[in-house]
Amino acid sequence: MQTIKTIADRRCSTRAGALFACVLAGLMASGCSVLPKPPARPDVYDFGPGTVVVPAPDAAAALAPLALADVETVGLPEGSSALLYRLVYANAQQLQPYSQARWSQPPALLVQQALRAHLGAGRAVLSGDDGLATLLQQDRMPTVLRAQLEEFSQVFESPAQSHGLLRLRVSVADASARGETLVAQRVFEVRRPAPSADAAGGARALSEAAAQAATEVAAWLRQLGR
């Protein structure tokens with residue numbers, strides 16, 4: 001004869017088994033949710049395909065070749081492809097990166113490509129020291145353009161309003177076998193409104209700022225007769 005205690009133990013065991021089976025079934029049904037999710041891939045931006053106006057052949061022939069040195073960065077993370085922003089309404093001195101957005105290349109390289117595209121529409125543009133050496137071997141006095149990228153960030157005046165800010169220090173020099181002679185130096189600062197208060201809006205504003213700065217540099221060189 002079963003005792004009351006034996007019956008109670010069996011009931012408890014049955015209930016425990018049923019509870020375990022329910023828990024196990026729940027885990028199997030939601031197995032995907034308990035596994036770690038892969039990290040979200042950041043959005044990657046560049047300056048887009050761009051458009052370059054090709055000048056008339058006689059105008060292009062009138063401009064001497066130009067040696068474009070590698071664009072350097074000053075005060076920015078060197079070699080970083082981070083898309084940066086500032087919250088001037090909170091702390092204008094703090095430069096922050098977007099966690100889920102970045103450039104396809106370091107900004108200095110993108111700005112250099114913009115300069116090459118605009119300057120190359122009216123002359124031959126050679127790369128850095130290699131291009132300079134090529135011109136010197138031909139006994140030509142090339143113009144050398146050097147640029148330093150000092151600011152390249154999305155600046156928020158308020159949570160809903162921002163603009164892209166580019167500041168580029170450009171030096172123009174005449175080169176010879178004995179060295180370079182500085183001709184002129186100028187700082188170009190360009191601001192372009194961001195169409196949206198997010199990384200996409202910042203990337204759009206900064207790409208437009210780079211294009212405008214490259215256009216202004218090209219016009220400045222023409223004014224210098226270089």
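Select Leu168 to begin: with a relative accessible area of 1%, Leu168 is buried. The model on screen is predicted. Leu168 sits in strand S8, which covers residues 161-176. Now show what surrounds the side chain. Apart from residues within four places in sequence, Leu168 contacts Val71, Val111, Leu115, Ala147, Gln148, Leu149, Arg186, Val187 and Phe188. For a distance to check in the viewer, pick the C-alpha atoms of Leu168 and Thr73: they are 9.3 Å apart in space, although their positions lie 95 residues apart in sequence.

Zoom out for the whole chain. The protein chain has 7 helices and 9 strands. It contains 226 residues, and buried ones make up 33% of them. Of the contacts with a separation of 6 or more, 67% are between residues 24 or more positions apart.

Next, select helix H5, residues 107-119. Its 13 residues reach 18 Å from the first C-alpha to the last, close to the 18 Å expected at 1.5 Å a residue. Colour its buried residues: Pro107, Ala108, Leu110, Val111, Gln112, Ala114, Leu115 and Leu119. Two of these, Val111 and Leu115, were met above as contacts of Leu168.

Stay in H5 and pick Gln112. Is Gln112 buried or exposed? Its relative accessible area is 9%, so Gln112 counts as buried. Beyond residues up to four places away in sequence, Gln112 touches Leu68, Ala69, Asp70 and Val71. Val71 is also on the contact list of Leu168.

Now add helix H7, residues 199-224. With 26 residues at 1.5 Å each, H7 should span 38 Å, and its end C-alpha atoms are 37 Å apart, which agrees. Go to the residue just after H7: Gly225 takes a positive phi of about 75°.

Show H5 and H7 together. How do the two helices pack, and at what angle? Their axes are 9 Å apart and meet at an angle of about 45°. H5 and H7 are therefore oblique to each other. The crossing is right-handed. To see the contact itself, select Ala114, Leu115, His118 and Leu119 in H5, then Ala210, Ala211, Ala214, Thr215, Val217, Ala218 and Leu221 in H7. By class, these contact residues comprise 9 nonpolar, 2 polar and no charged. The spacing along a helix can be followed here: an α-helix has 3.6 residues a turn, so residues three or four places apart point the same way.

Two residues on the H7 side are worth picking in turn. The first stop is Thr215, in helix H7. Thr215 has a relative accessible area of 42% and is therefore partly exposed. Its C-alpha is 9.7 Å from that of Ala117, a residue 98 positions away in sequence.

The second stop is Val217, also in helix H7. Val217 counts as buried because its relative accessibility is 0%. Which residues does Val217 contact, leaving aside neighbours within four places in sequence? They are Leu115, Leu145, Val170 and Phe188. The C-alpha atoms of Val217 and Leu145 are separated by 9.8 Å, with the two residues 72 apart along the chain.

To finish, keep Leu115 and Phe188 selected and return to the starting point. Val217 contacts both, and Leu168 contacts both as well.

How values were computed: Residues numbered from 1 in each chain as written. Predicted model: local features only at pLDDT ≥ 70, side-chain atom pairs only at ≥ 80, totals over all residues. Heavy atoms only, no water. Axes fitted to C-alpha atoms, helices over the stretch in contact; angles between N-to-C directions. Helix = DSSP H or I, 4+ residues; strand = E, 2+ residues; numbered from the N terminus. Parallel < 35°, antiparallel > 145°, perpendicular 65-115°, else oblique. Left-handed = near helix turned anticlockwise from the far one by under 90°. Contact = heavy atoms within 4.5 Å. Nonpolar A, V, L, I, M, F, W, Y, C, P; charged D, E, K, R; others polar. Buried < 20%, exposed > 50% of the residue type's maximum accessible area, 1.4 Å probe, protein only. Expected span 1.5 Å × (residues − 1).
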